[in-house]
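Open the model in your viewer and keep the sequence panel in sight. The tour goes from the domain level down to single residues.

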Amino acid sequence: MPIFYDDLETRSHADRETAQLQGLLAQIKRIAAAENSGLTGGDRVQCLADLRHLPVLRKSDLVQWQTENPPFGGIPVSNITHVFQSPGPIYEPGGSSHDWWRLGRFLHACGIGPDDTVQNCFGYHLTPAGSIFENGARAVGARVLPAGTGQTELQVQAAAAVGVTAYAGTPDYLKIMLEKADTLGVALRITKAAVSGGALFPSLRDYYTGRGITCLQAYATADLGNIAYETTPGDGLIVDEGVIVEIVTPGTGEPVAPGEVGEVVVTTLNPDYPLIRFATGDLSAIMEGDSPCGRTNTRIKGWMGRADQTTKIKGMFVRPEQVAALVARFDGLARARVIADRAGEADTMEVRCEGTGLDAEAIIAAVSDILKLKGTVTLCDPGALPRDGIVIEDRRTYDT
């Protein structure tokens, strides 16, 4: 089979940016034309960097919009064949056209093609994961055993009977299947695994390698489809050609410097369901350089934690958005980090502020006003705070 899924994977950075800008402007036009779209700042977008002028869309926004205007909150949706429900509840549209969710690109990178039968162990009930991977398997010409979740002994029997060669599912369930097969004395022919929806720990990948199985992971969501995917272990995840990925400071829409950890914000170029600056709630970082596999799109480091660091201190919730508001109040304040700790049986709060020309007393007053709590303020030199995406650090332990 060919090395690359299509020519988009090896295009120049300039060609990709030009095409993405055209797609972005078309998405802005679609959403702006919708009644009560809520999109502001679209007229300020002249290049991809201007995305920062548009508001960040969060899952909580979708829940509210969909409650007021079911089922999709007024977002212009077209050419769909399915409606799914995720916790929230949030309703997501789905399509059946060629590679609608863009998982075919990932499955191709896994080496899955027309000679394979894929045992799809993602759920088919209400949630879209099963349909997402089945749509991708059709895109690469593979057959599908729509197994869904659970009933491991039956799964093993079916895999052996139909000659399954590839697995799609969460990272850990394949190990459960293989161990069950060993117990039953059943030989399976699985040599490829496409996983998502959970952590692929190095020890688990090593286990699969020892069993002769190549295991790669994708970063995908119900709202966005494929976001990024592995081509070789340890080389990061390559951003999908159908999305624009930004890494921003949690609680804001401001991009971080290259290489710094921040929240993953995604704009999808799918005209059937346009989402602009959709916050995933996940932390990651951009990797330098191109992938050794020859694909030229940006790489991210993969999942590095959750961006929603909302923490209760002294009985009050402190949110990343409040920390961002504190930073925005002072011209010389570059970044801030709230540290929750304990002194005896009481909570403490320290706010470390990095910048120049800062007035500690003014910041103390602003902390009380914005965070609704009193705490100590420590002024730090530029560059002193870690670039790890954490704006609220909880150091408290409750085991003593």
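## Stop 1: the domain interface

Between domain 1 and domain 2, about 630 Å² of area is buried, and carbon and sulfur atoms give 59% of it. Keep in mind that this is a predicted model.

To see the two parts, colour residues 7-306 as domain 1 and residues 311-394 as domain 2, following the domain assignment of the chain. Nine residues from domain 1 and eight residues from domain 2 make up the contact. Now place a marker at the centre of each domain, using C-alpha atoms: the two centres are 34 Å apart.

Stay at the interface and look for charge pairs. Three salt bridges cross between domain 1 and domain 2. Next, select Glu-260 and Arg-387 and show their side chains. They meet in a salt bridge, with 3.5 Å from N to O. The side of domain 1 that touches domain 2 has three nonpolar, four polar and two charged residues. Polar contacts between domain 1 and domain 2 number three residue pairs, both residues being at pLDDT 80 or more.

## Stop 2: Arg-11

Move to Arg-11, in the segment before helix H1 (13-33). Is Arg-11 buried or exposed? Arg-11 counts as buried because its relative accessibility is 16%, and the cut-off for buried is under 20%.

Show the side chain of Arg-11 and the backbone of Leu-8. A polar atom of that side chain lies 3.3 Å from the backbone oxygen of Leu-8. Then add the partners of Arg-11 beyond four places in sequence: Arg-16, Ala-19, Glu-241 and Thr-296.

## Stop 3: Gln-66

Select helix H2, residues 59-68, and pick out Gln-66 within it. Gln-66 has a relative accessible area of 5%, so it is buried.

Which residues does Gln-66 touch, leaving out those up to four places away in sequence? Display Pro-71, Phe-72 and Gly-73, then Pro-89, Ile-90 and Tyr-91.

## Stop 4: Gly-94

Go on to strand E2, residues 90-94, where Gly-94 lies. The strand also takes in residue 90, and Ile-90 was among the contacts of Gln-66 at the previous stop.

Gly-94 is buried, because its relative accessible area is 0%. Show what touches Gly-94, again without residues up to four places away in sequence: Ile-80, Thr-81, His-82, Phe-84, Trp-100 and Trp-101. Finish with a distance. Pick the C-alpha atoms of Gly-94 and Asn-79: they are 8.6 Å apart, with the two positions 15 residues apart along the chain.

Notes. Residues are numbered from 1 along each chain as its sequence is written. This is a predicted model: local features need pLDDT of at least 70, side-chain atom pairs count only at pLDDT 80 or more; totals for chains, interfaces and linings use all residues. Side-chain values use heavy atoms; hydrogens and water are left out. Domain bounds come from an automatic or database domain assignment. Contact means heavy atoms within 4.5 Å. Buried area is the accessible area (1.4 Å probe) that two parts lose on being put together, summed over both. A salt bridge is a side-chain nitrogen of Lys or Arg within 4 Å of a carboxyl oxygen of Asp or Glu. A polar contact is a pair of N or O atoms within 3.5 Å; within protein, one must be able to donate a hydrogen and the other to accept it, and residues adjacent in sequence count only if both atoms are side-chain atoms. Ala, Val, Leu, Ile, Met, Phe, Trp, Tyr, Cys and Pro count as nonpolar, Asp, Glu, Lys and Arg as charged, and the others, Gly among them, as polar. Helices (H or I, at least four residues) and strands (E, at least two) are DSSP runs, numbered from the N terminus. Buried means under 20% relative accessible area, exposed over 50%, partly exposed in between (1.4 Å probe, protein chains only).
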